[in-house]
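Please open the structure in your viewer and keep the sequence panel beside it, so that you can select residues by number as the tour goes along.

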Amino acid sequence: MKGVLSVIPNVIFNTTTTNSWKFLGVESLTSPNTGALWNQAKYGQDVIIGMVDTGIWPESVSFKDTALGPIPSRWKGTCVEGEQFTQKLIGARYYSAGNPNIPFPFEYNSARDYQGHGTHTASTAGGAFAAADWNGYADGTAKGGAPRARIAMYKVCWYLAGCSWVDMVAAMEDAIADGVDLMSISISGLTDAPFYQDTVGIASFHAMKKGILVNFAAGNSGPELKTTNHNEPWSFTVAATSQDRLLGAYVHIKTIRGSQPGLRFKGTAFTHFPTLTAPLVLASEASIWGDNSAAYCSDSTTLDSSKISGKIVFCLKGTPRESIFDKSENVRLAGGAGVIIGDTKGLANYTLQLSPVNYNIPAAYLTAQDTQHFIDYVKECDLNVCVFRDQEVQATIDPGKTFLQVQPAPKMAWFSSSGPSGVTTNILKPDIAAPGLDVVAAWINGESEFLGISGTSMATPHVAGTVALMKAIHPKWSPAAIKSAIMTSAKTLDNQQHRITNLFDRPASPFSTGSGLLNPVAAADPGLIYDAGPLDYTLFLCSLGYGDTEVEIITGEVNFCSMQKRIPSPSDLNYPSVSVGNLIRPKTITRTVTNVGKAVSVYKVTVEAPKGVKVTITPSTLSFTNTQKTKSFKIQLERTLSVDGVSPESYVFGSFTWSDGVHKVRSPIVVGHTPQ
């Protein structure tokens, strides 16, 4: 067909706070409505955030327009008929042409949110200040990262029908034309398709050309490797972490007879029951078959009601996706009065993904370390034979409460998708990590005006809110400049000053964290930035071996690659991180930084070399006499061991940091061995 470069089949995807902005350092410690960065950015005044999601609940207090002035004159968008919108919520459209499976009339045939997801993400990115709690937990003041920003919602996701590629692209193109300043899209995507087959990524390229940074959720398919979505370098890909708040309850264990002191654990819980004290029984010893088949409480019919009736039952959890709620229901159906669930593989550790489900019996979830202490306590062992003390052990589950300043935090969320990129290992993905566990934000009309839910969907609007603040402070910065500032200023240590860890309590690699935890205050003043634009990304596409037709599909440039005298290496894209997917022989990479700090400044580099790799950076000192001046440097990577001794599909990690004594501009290094 004339004018058609490519025909790509439609795909249906799925969607993937009161404390988090304080945890990230934006909100002051003394007042929920103040903060130095907010003051500097005027709370994101008049920045327009485009949300591509499930719609919005406009009556939520998070979208009140108190004290907001007129809608910015540059805004060209609209609100569809049928809903009431304000100076806060300045745009709302909906798209259904690409999705034939929408269950009308159950869904709203409008931009109104039926599922709650879009309302939640929009309020996290740009919601106004509002008193909030989640059924009595996590009470405080809910707010978005940019409380005075404007919001435009583009509804593309529908109940039971998912989110159509066709509708997403149409929404993104409208958002560009409407005049949004950035987009936040918490919807899954492709993991390994070439960039010219990813129409959503292509729409993101169009946005980048107009100065619009698109923030995407990395996906909830972790912790397996090569599960990260949205791997194009011009987009911002966000992983999920915990925060320093725990919704939990104390669990007490003691023996009825004897002098052995009792134990107290801090378990994760979300129940509203009064204190429960009852005899404790191990599910492994309450099977109707007389074996340990019921240990995981996976089926109520395997539990012997005569052994657990009226008691608190201890169950095990062995895999990340086992449902805590299902285990509690199985215990309840078999006659148990309460349940304690013990993690066996480091899955808990204050990163439990709570479900907005009302539990029907008291329940608590213990970390792997506490689970082992618990098992050691309740069993008597002699010559490696352990016997449960049965009626002699008593348990108490206290009412739930909110614990603050939990340590260690953050930890990577178990579900957060991980790199390396399935498209090219010469770009590190995800880019950045942000709080995505138990995030309390606005919800649709129902039992609760606010709700705590989890996912990389919840992490992404934290980054979008930060980008909105950055746009307010640095309105002329490119999408790449803003990405660079956020990535190079990210934190790599938790609140105990240890490396951020994964669900197994091991240091998390950049394939999980990206550059690290979002650090909005430092991002506003990064010192140096790695800038890039459409030309750089187009050359990068040529370096992947794409032909002129494939590159034209993405960029609109005709015969671009064939006209170039020299095509750079994929690793030479001026990206804030460095990744070499297959280092066999010494390789030299070029990077260029722009001074956005003090005019007269001197930066010196320090290197943390990946294991078995020599890293040489020249020059090792960069001197500037003016702002906006650029300096280039070279990074030479050389293996110190023969590649024959390196396992295939293996990676090592390091970093380098430029510092002038005030700023620390850090970039991760990833070196792989991925033989073709």
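## A tour by selection

Begin by selecting F205, M208 and K209 in α5, and then add P534, Y537 and T538 in α13, which are the residues they meet. By class, this contact of α5 with α13 is made up of 4 nonpolar, 1 polar and 1 charged residues. Keep in mind throughout that you are looking at a predicted model. Now widen the selection to the whole of helix α5, residues 199-209, and helix α13, residues 534-543, whose axes lie 10 Å apart and pack at an angle of about 150°. Angles over 145 degrees count as roughly antiparallel, and α5 and α13 are therefore described in that way.

Next, turn to the aromatic rings, of which a search of the whole structure finds 22 pairs. Select F325 and Y359, an edge-to-face pair with 5.4 Å from centre to centre and 75° between the planes. F325 belongs to helix α7 (residues 324-333), while Y359 sits in the loop between β16 (338-343) and β17 (363-366), so the pair ties together parts that are 34 residues apart in sequence. Both F325 and Y359 are buried. Then select W414 and F415, which form another edge-to-face aromatic pair, at 5.6 Å centre to centre and with 80° between the planes; W414 and F415 are both buried as well.

For a cluster of rings, select W57, Y108, Y114 and Y159, which are linked by ring pairs. Add R112 to this view, and you will find its charged end over the ring of W57, 4.4 Å from the ring centre. A second arginine to select is R264, which lies over the face of Y250 at 3.9 Å from the centre of that ring.

The next stops concern the backbone. Select F104 and P105, which are joined by a cis peptide bond with omega of about 10°; P105 is placed in the loop between β3 (89-94) and α3 (117-126). Move on to T618 and P619, where the peptide bond is also cis, with omega near -10°, and where P619 is found in the loop between β29 (613-618) and β30 (621-624).

Finally, select Y43, which is not a glycine and yet has a positive phi of about 60°, in the loop between α2 (36-41) and β2 (48-53). Is L160, the last residue to select, buried or exposed? L160 has a positive phi near 65° and lies in the loop between β7 (157-158) and β8 (162-164). With a relative accessible area of 68%, L160 is exposed, whereas Y43, at 15% relative accessibility, counts as buried.

Conventions
Residues numbered from 1 in each chain as written. Predicted model: local features only at pLDDT ≥ 70, side-chain atom pairs only at ≥ 80, totals over all residues. Heavy atoms only, no water. Axes fitted to C-alpha atoms, helices over the stretch in contact; angles between N-to-C directions. Helix = DSSP H or I, 4+ residues; strand = E, 2+ residues; numbered from the N terminus. Parallel < 35°, antiparallel > 145°, perpendicular 65-115°, else oblique. Contact = heavy atoms within 4.5 Å. Nonpolar A, V, L, I, M, F, W, Y, C, P; charged D, E, K, R; others polar. Phe/Tyr/Trp six-rings, centres within 6.5 Å; stacked < 30°, edge-to-face > 60°. Buried < 20%, exposed > 50% of the residue type's maximum accessible area, 1.4 Å probe, protein only. Lys NZ or Arg CZ within 6 Å of the ring centre and 35° of its normal.
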